[in-house]
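Dear colleague,

I am handing over the structure below, and after it you will find what turned up when I went through it. Please keep it open beside you as you read.

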Amino acid sequence: MTAPDAPRTPASAPDREAAAEMWAAYAAAYPEAVSACPDHTVEHFGDSARLADELLGLVLSGRKRATAELVADFLARGEGLPRIGSHWIACDGGGFPRAVLRTTELRVGPFTSADAAFAAEEGEDDLSLASWQREHRRYWTRVSTARGATWSEDQDIVFERFTVVWPPHEATQPG
């Protein structure tokens, strides 16, 4: 994750038209997966264009297969929590959709409930729990402050594992 004092250029808004085209292609190839869980979001990782690109790069390389987000951030955006089987179209920092991800596992818990296996699956930094804790403390303090809140380690966090399901050349698992 980007250091807290690094300049941050916001990620561009998602290209909704291109995302709709990607979703339509995925739905045509895997209608059962879409019928079972038609919900999907269109978004990017992180709070800047640089971080969005960096984390998406880890996803596309196969290194990143998990993510964590504050429940408070979902609520602040007016969104419900993801569910197992739900999809999201991950965009790069320029707002271009690059992949469809499908949630395979979810858990809600406090900061201290993250373990070394989850930290490694997030695929960031040196893959250790210590670096996961350090970087997520920085990140959640920063994003909470940006929305006028104070972050604490007791807040609920959504721990999510996912697989890349589209496009076919990026997919780690079909549909």
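**Rings and a helix**

The charged end of arginine 77 sits over the ring of phenylalanine 74, at 5.1 Å from the ring centre. Please bear in mind that this is a predicted model. A similar arrangement involves arginine 107, whose charged end sits over the ring of phenylalanine 159, 4.1 Å from its centre.

The structure also holds 15 aromatic pairs. In one of them, the ring centres of phenylalanine 45 and phenylalanine 162 are 6.4 Å apart with their planes at 45°, so this pair counts as tilted. It links distant parts of the chain, since phenylalanine 45 is in the loop between β1 and α3 while phenylalanine 162 belongs to strand β5, 117 residues apart, and both residues are buried. Another pair, phenylalanine 118 with tryptophan 132, is edge-to-face, with 6.4 Å from centre to centre and 85° between the planes. Because phenylalanine 118 lies in helix α5 and tryptophan 132 in helix α6, this pair ties together parts that are 14 residues apart in sequence.

Now for helix α1: which of its residues are buried? They are Ala18, Ala19, Met22, Trp23 and Tyr26, and they cover an arc of only 140° around the axis, which puts them on the same side of α1. The face turned away from that buried side carries the exposed residues Glu17, Glu21 and Ala28, whereas the cover over the buried residues includes α2, β1, β3, β4 and β5.

With best wishes

Technical notes. Residues numbered from 1 in each chain as written. Predicted model: local features only at pLDDT ≥ 70, side-chain atom pairs only at ≥ 80, totals over all residues. Heavy atoms only, no water. Buried < 20%, exposed > 50% of the residue type's maximum accessible area, 1.4 Å probe, protein only. Helix = DSSP H or I, 4+ residues; strand = E, 2+ residues; numbered from the N terminus. Arc of directions from axis to C-beta. Contact = heavy atoms within 4.5 Å. Phe/Tyr/Trp six-rings, centres within 6.5 Å; stacked < 30°, edge-to-face > 60°. Lys NZ or Arg CZ within 6 Å of the ring centre and 35° of its normal.
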